[in-house]
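Me: I keep meeting labels for residues and helices. Can we go through a few and ask what earns each one?

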Amino acid sequence: MATLSQTNQFQSWTLTPEEFLQGGLLTILQKQVIQNQIASVATQKINLTFTPAQPLEYAQQEAHLRGQIDALSYLLTLSEQAEFQLSGQRPLDL
């Protein structure tokens, strides 16, 4: 059973490998919503306009959008890996 971890200053939980996998599973609808968010953010990213007078602002906006895409993609990957491992096709290797 998950227990509150006291190992750092941020709230975190100590999970068994099975709990970690179960917690990473997303429903089909959740995956669809996340994929829609990725598409929306990617559209924003490709529509950024570079202004030579404000190169830092462009770089910050681009990095912010890239970070959103990476974080959302990570959630989808985590769920895919959990599904694969829970399907019995490979052992838990957390």
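Reply: Gladly. This is a predicted model. Begin with helix 3: helix 1 (17-24) and helix 2 (28-46) are among what covers its buried residues.

Me: Which residues of helix 3 are buried?

Reply: Leu65, Ile69, Leu72, Leu76, Leu78, Ser79, Ala82 and Gln85. Buried means under 20% relative accessible area.

Me: Why is glutamine 60 called partly exposed?

Reply: Glutamine 60 lies in helix 3, residues 55-86. Its relative accessibility is 48%. Buried needs under 20%, and exposed needs over 50%. The value falls in between, so glutamine 60 counts as partly exposed.

Me: What makes phenylalanine 50 and tyrosine 58 an aromatic pair, and why is the pair called edge-to-face?

Reply: Two numbers decide. Ring centres must lie within 6.5 Å, and here they are 5.4 Å apart. Edge-to-face needs planes over 60 degrees apart, and these stand at 85°. Both tests are met, so the label is edge-to-face. By this rule the count comes to one aromatic pair.

Me: Are those two residues buried, exposed or partly exposed, and why?

Reply: Phenylalanine 50 has a relative accessible area of 45%. Tyrosine 58 has 26% relative accessibility. Partly exposed lies between 20% and 50%, so phenylalanine 50 gets that label, and so does tyrosine 58.

Me: How do you know that the reach of helix 3 is close to what is expected?

Reply: Helix 3 has 32 residues. At 1.5 Å a residue, 46 Å is expected from first C-alpha to last. The model gives 46 Å, close to that value.

Methods:
Residues are numbered from 1 along each chain as its sequence is written. This is a predicted model: local features need pLDDT of at least 70, side-chain atom pairs count only at pLDDT 80 or more; totals for chains, interfaces and linings use all residues. Side-chain values use heavy atoms; hydrogens and water are left out. Helices (H or I, at least four residues) and strands (E, at least two) are DSSP runs, numbered from the N terminus. Buried means under 20% relative accessible area, exposed over 50%, partly exposed in between (1.4 Å probe, protein chains only). Rings of Phe, Tyr and Trp (its six-membered ring) pair if their centres lie within 6.5 Å; planes under 30 degrees apart count as stacked, over 60 as edge-to-face and the rest as tilted. The expected span of a helix is 1.5 Å times one less than its number of residues. Contact means heavy atoms within 4.5 Å.
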